[in-house]
Amino acid sequence: MIELRPAESDADLDAWRRVRMAVLPDERAQTVEEIRRAATPESLYLLADLDGRVAGAGVAGRSDLAGQGFLSPRVLAEARRRGVGTALLRELAEHVQRLGFDRAGTFVDDPGSLAFAERFGFREVDRDVEQVRAVGDEPRPEPPPGIEVVSLAERPELFERAYHELALEAFGDFALDRAIEISAEDWRREWQVWPEASFFALADGELVGMAGLVRDDDHPERAENSLSAVRRDWRRRGIASLLKRTVLAWAAEHGLREVYTWTQNGNAAMRSVNERLGYVTRSIGIRVRGPLPLP
């Protein structure tokens, strides 16, 4: 028997995140604290029990992409093809409908998941590329004259400035088919970074670039790159490479062995920067979207 229930207690949320880690072992999972901080009244976290044992989990809510909701059902490998994914998908889709959306988006990363999504009317709209970099001997780069590089730990006030002076411009340049909408509140709540491992480039006190890491508490030997952004009028001057090399040097100094990042398929410029720094492609995420209600 399949039973769906909201993930509300700390124990439930820990079970929820463990499903995510089992299904997506190469990606970091939010801590329970991070899940609670990121949740809004529009968020729904579900657990799926099969014959009394956790078999899957899902989340749904308002998407960062304009005019749509998002949903993400995940099922443990040993519980698939038993109706758990369908039950989760339908409940999550109904939640997105209740929020007032007639479209929902999600990611799939294998042919089986894509075929499942297509049975419910979802169609591919874009792809994201995951790139990974093994950390080795990484010397600290020397900033060019006129550029100062500081960490967020040294200058915590820069996080708020970065939203207005760098992030909004970067979001506007994302290679997506719909505008991305991240409010200042969303930035504070969801876009948390690792202060000691996050770096800003300043020119005469003006913010011109940022790059950093997000800590993985479950796998401290690896980390995910956070938003990398360079002000438009400072692009193609080596700022992105300078900051990313600084991040890699910090990672080496603190014992990390791997960093990884996701970029939109259309963002060839950033992928090229990453490739020059030694990143290699590990996987492709397929972005799909479908109409609601589900067929």
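**View 1. Strands β7 and β8 run antiparallel, joined by 5 bridges.** This close-up, like the others here, comes from a predicted model. Strand β7 covers residues 147-151, and β8 covers residues 199-203. To find your way along the pair, look for Val 150, which stands opposite Phe 200 in β8.

**View 2. Strand β8 is buried along its length, with 5 of its 5 residues counted as buried.** A residue is called buried here when its relative accessible area is under 20%. Because 5 of the 5 residues meet that mark, β8 is largely enclosed by the rest of the structure. Which residues sit on each face of β8? On one side you will find Phe 199, Ala 201 and Ala 203, and on the other Phe 200 and Leu 202. Both faces are covered.

**View 3. Strands β8 and β9 form a hairpin.** Now follow the chain from β8 into β9, which spans residues 206-211. The two strands run antiparallel and are joined by 5 bridges. One pair to pick out is Leu 202 with its bridge partner in β9, Leu 207. How many residues lie between the two strands of the hairpin? There are 2, and Asp 204 in this turn has a positive phi of about 55 degrees.

**View 4. A cavity of about 40 Å³ has β8 and β9 in its lining.** Searching the whole structure for cavities of 30 Å³ or more turns up 1. Its lining includes Phe 199 and Phe 200, together with Met 210 and Ala 211. Phe 159, Val 193, Ser 198, Gly 212 and Ser 226 line the cavity too. The elements that give two or more residues to this lining are β8 and β9.

**View 5. Helix α4 has a buried face and a side turned away from it.** Here we move to residues 111-119, where the buried residues of α4 are Leu 114, Phe 116 and Ala 117. Seen down the helix axis, these buried residues fall within an arc of 160 degrees, so they line one face of α4. They pack against α3 (84-98), β5 (103-108) and β14 (280-291). What does the face turned away from the buried side carry? That face has the exposed residues Pro 111 and Arg 119.

**View 6. The two ends of α4 each have a detail to look for.** At the start of the helix, a side-chain oxygen of Asp 110 comes to within 3.0 Å of the backbone nitrogen of Gly 112. Just after the helix, you meet Gly 121, which takes a positive phi of about 90 degrees.

Key:
Residues numbered from 1 in each chain as written. Predicted model: local features only at pLDDT ≥ 70, side-chain atom pairs only at ≥ 80, totals over all residues. Heavy atoms only, no water. Buried < 20%, exposed > 50% of the residue type's maximum accessible area, 1.4 Å probe, protein only. Helix = DSSP H or I, 4+ residues; strand = E, 2+ residues; numbered from the N terminus. Pairing = 2+ DSSP bridges. Arc of directions from axis to C-beta. Contact = heavy atoms within 4.5 Å. Polar contact = N/O pair within 3.5 Å; in protein donor to acceptor, adjacent residues only side chain to side chain. 1 Å grid on protein atoms, 1.4 Å probe; cavity = no way out; pocket = protein on both sides within 12 Å on 5 of 7 lines; lining within 4 Å. Points joined across faces, edges and corners; volume = space filled by probe spheres on them.
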